[in-house]
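Biologist: Got a minute to walk me through this one? I'd like to start at the ligand and then wander a bit.

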Amino acid sequence: MKTIIEPFRIKSVEPIQFTTREQREKALDVAGRNVFLLHADDVIIDLLTDSGTGAMSAAQWGAIMQGDESYAGSRSYYRFESVVRDLTGYKHIIPTHQGRAAERILFHNILKPGDIVLNNTHFDTTRANIEVEGAEARDLVVAEGRIPSAVLPFKGNVDLVALEKALREDGDRIRLVMVTITNNSGGGQPVSIENLRGVRALCDRYKRPFFLDACRFAENAYLVKMREPGQEHRTPKEIAQEIFRLADGCTMSAKKDGLANIGGFLAMNDDRWAESCRNLLILTEGFPTYGGLAGYDLEAIAQGLVEVVEEPYLRYRIQSIKYLAEKLDAAGIPTVKPSGGHAVYIDARAMLLHIAPLEYPGIALVNALYVEAGIRCVEIGTVMFGLHADGTETPAPMDLVRLAVPRRLYTQSHIDYVAEAAIEVAKRKDSLTGLRITEAPSALRHFTARFAPVGVRETVGAATR
Ligand code: F0G
């Protein structure tokens with residue numbers, strides 16, 4: 001059969017609350033034109049993130065009832081540890097309440113001011129957790145990773161020439177080399193095994209540790225199977241196992257490819273690092289056999305990690321992203337090509353050429369999709385990455401709008417609705433206007449900034465607040 005169906009039946013449903021265009025215009029005004037500040041009940045299809053928003057399986061809900069809530073030595077921890085160890089091979093497995101907690105604990109332990117962390121592209125929380133230690137987060141993605149229209153299989157790859165140059169020139173200041181699989185901030189693009197082997201070889205030569213940001217390791221493994229010569233006969237699990245073993249450790253948000261609503265872990269082989277990380281874990285997260293999670297969360301993650309590498313699931317998952325990308329493509333909407341693992345990224349800068357990057361074309365598009373059809377998505381562009389530690393602002397390398405698809409949550413007709421809305425907005429794109437920021441914090445401003453249309457003095461929302 002050519003039709004790829006959702007590889008599950010739906011046993012439990014949650015109603016969607018519908019809104020009118022007028023209600024959405026008002027809600028957006030009150031939220032300062034920042035969709036992070038909306039009430040989720042005012043959203044019809046929520047593509048803000050694929051993080052913690054997926055549907056759990058009957059087996060995961062069943063495992064939740066098996067959770068052992070013992071403070072220390074919980075049976076659920078040992079199940080979680082054995083699943084993570086089978087997958088990754090790492091010696092020390094430290095649960096955390098989510099990915100950024102793993103990042104915070106790792107970086108606080110190993111970084112000092114002036115250090116450098118290299119990565120294909122740092123995710124925003126990763127970058128912030130590095131910079132808060134006074135260290136530099138430097139991105140070394142291959143050049144084509146910054147060209148949305150380039151159709152190449154592994155646009156998440158690390159530029160190995162630039163990596164070697166940095167390792168040679170910056171020597172001891174390089175505390176860690178990381179690779180984010182898939183490369184979320186760069187369009188959800190995968191990294192090839194060949195490239196990861198190259199990173200490993202350089203890290204060996206220059207004696208630097210190598211960690212993965214493994215949030216979407218299963219989607220990366222499946223894209224390797226689809227796209228990398230010689231990998232097509234392996235299972236996604238086998239590919240993932242090899243990838244983890246190329247690195248010395250990982251940070252992980254189980255809210256993505258853990259198929260769980262909360263959780264994460266930090267895992268590594270180094271005994272000394274693990275000891276200091278566990279000490280900080282006890283201070284901020286909890287005892288090392290629960291790390292800020294309930295025993296039942298550890299059960300849900302353990303079961304999720306088993307399900308996420310199953311081939312029918314991954315085939316459907318990657319195909320459903322491709323399905324949306326192809327619909328937008330057919331309508332002439334520019335997207336990051338080829339489509340990746342968890343999201344479709346619209347190139348808002350290319351779509352809205354009349355809006356300058358510092359007037360935030362990504363936010364203009366995010367707002368238009370919300371007003372049009374109640375779809376919530378996120379700008380990954382100049383608002384997220386354009387503000388620097390010294391207070392200056394420059395355009396980010398790309399102004400993308402990410403339509404992140406939660407795992408196993410929406411059906412094909414939901415996705416058809418999203419495509420229809422995007423096509424309607426594209427028809428009237430020349431009427432969209434840029435925005436300016438009326439208030440914002442100095443770090444991670446995209447979460448709470450408030451906006452007003454360029455040329456308008458104040459928003460209704462700000463005036464009535
Ligand atoms: N690394 C990557 C690549 C991520 O995408 C995320 C989260 C994290 C680390 C942090 O994990 O949320 O569990 O603390 N990304 C979400 C997103 C929030 O929407 O892309 P966390």
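Modeller: Sure. One cut-off before we start: a polar contact here is a pair of N or O atoms within 3.5 Å. And keep in mind that this is a predicted model.

Biologist: Okay, what does the side chain of D213 do at the ligand?

Modeller: One of its polar atoms sits 2.7 Å from a nitrogen atom of the ligand. Taken alone, the ligand would expose 470 Å², and the protein buries 94% of that.

Biologist: Which residues come nearest to the ligand?

Modeller: T49, R100, D213, S253 and K256, out of 17 residues around it.

Biologist: And how do the residues of that shell divide into nonpolar, polar and charged?

Modeller: Two are nonpolar, eight are polar and seven are charged. Helix α4, residues 99–110, supplies the largest share of the shell, with three residues.

Biologist: How far are the polar side-chain atoms of Q98 and N184 from ligand oxygens?

Modeller: For Q98 the distance to a ligand oxygen is 2.9 Å. For N184 the distance to a ligand oxygen is 2.8 Å.

Biologist: Stay with N184 for a second. Where is its place in the fold?

Modeller: N184 belongs to the loop between β5 (174–180) and α7 (193–205).

Biologist: Is N184 buried or exposed?

Modeller: Buried: its relative accessible area is 3%, and the cut-off for buried is under 20%. The N184 side chain also makes a polar contact of 3.0 Å with the side chain of R402. Leaving out residues up to four places away in sequence, N184 touches F123, R216, H342, Y345 and R402.

Biologist: Anything odd in the backbone of that loop?

Modeller: Yes, the peptide bond from I181 to T182 is cis, with omega near -20°. T182 lies in the loop between β5 and α7, and so does N184.

Biologist: Which bond joins K337 and P338?

Modeller: A cis peptide bond, with omega about -20°. P338 is in the loop between α12 (311–330) and β9 (343–347).

Biologist: Why do you flag cis bonds at all?

Modeller: Because most peptide bonds are trans. Most residues other than glycine also have a negative phi, so positive values get flagged too.

Biologist: So what is phi for K207 and Y360?

Modeller: K207 has a positive phi near 55°, and Y360 has a positive phi of about 55°. Neither residue is a glycine.

Biologist: Where are they, and is each one buried or exposed?

Modeller: K207 is in the loop between α7 and β6 (210–213), and it is exposed, with a relative accessible area of 68%. Y360 is in the loop between α13 (348–351) and α14 (361–373), and it counts as buried at 3% relative accessibility.

Biologist: Switching to strands. How many residues of β8 are buried?

Modeller: Five of the five, residues 264–268, so the strand is largely enclosed by the rest of the structure. G264, L266 and M268 are on one side, with F265 and A267 on the other.

Biologist: Why do they split up like that?

Modeller: Because side chains in a regular strand alternate between the two faces of the sheet.

Biologist: Which way do β2 and β7 pair with β8?

Modeller: β2 (residues 92–96) pairs with β8 in the antiparallel sense over five bridges. β7 (residues 249–253) pairs with β8 in the antiparallel sense, also over five bridges. F265 has P95 opposite in β2, and M252 stands opposite F265 too.

Biologist: Tell me about P95. What does it touch?

Modeller: Setting aside residues up to four places away in sequence, its contacts include Y77, F80, F265, L281 and Y290. P95 is buried, with a relative accessible area of 0%.

Biologist: Last one: how does β14 pair with β13?

Modeller: They pair in the antiparallel sense over four bridges, with β13 covering residues 435–439. L435 has P453 as its bridge partner in β14. R450 and A452 point one way from β14, F451 and P453 point the other way, and all are buried.

Key:
Residues numbered from 1 in each chain as written. Predicted model: local features only at pLDDT ≥ 70, side-chain atom pairs only at ≥ 80, totals over all residues. Heavy atoms only, no water. Near = heavy atom within 4 Å. Polar contact = N/O pair within 3.5 Å; in protein donor to acceptor, adjacent residues only side chain to side chain. Areas by Shrake-Rupley, 256 points an atom, 1.4 Å probe, with all protein chains shown as cover. Helix = DSSP H or I, 4+ residues; strand = E, 2+ residues; numbered from the N terminus. Nonpolar A, V, L, I, M, F, W, Y, C, P; charged D, E, K, R; others polar. Buried < 20%, exposed > 50% of the residue type's maximum accessible area, 1.4 Å probe, protein only. Pairing = 2+ DSSP bridges. Contact = heavy atoms within 4.5 Å.
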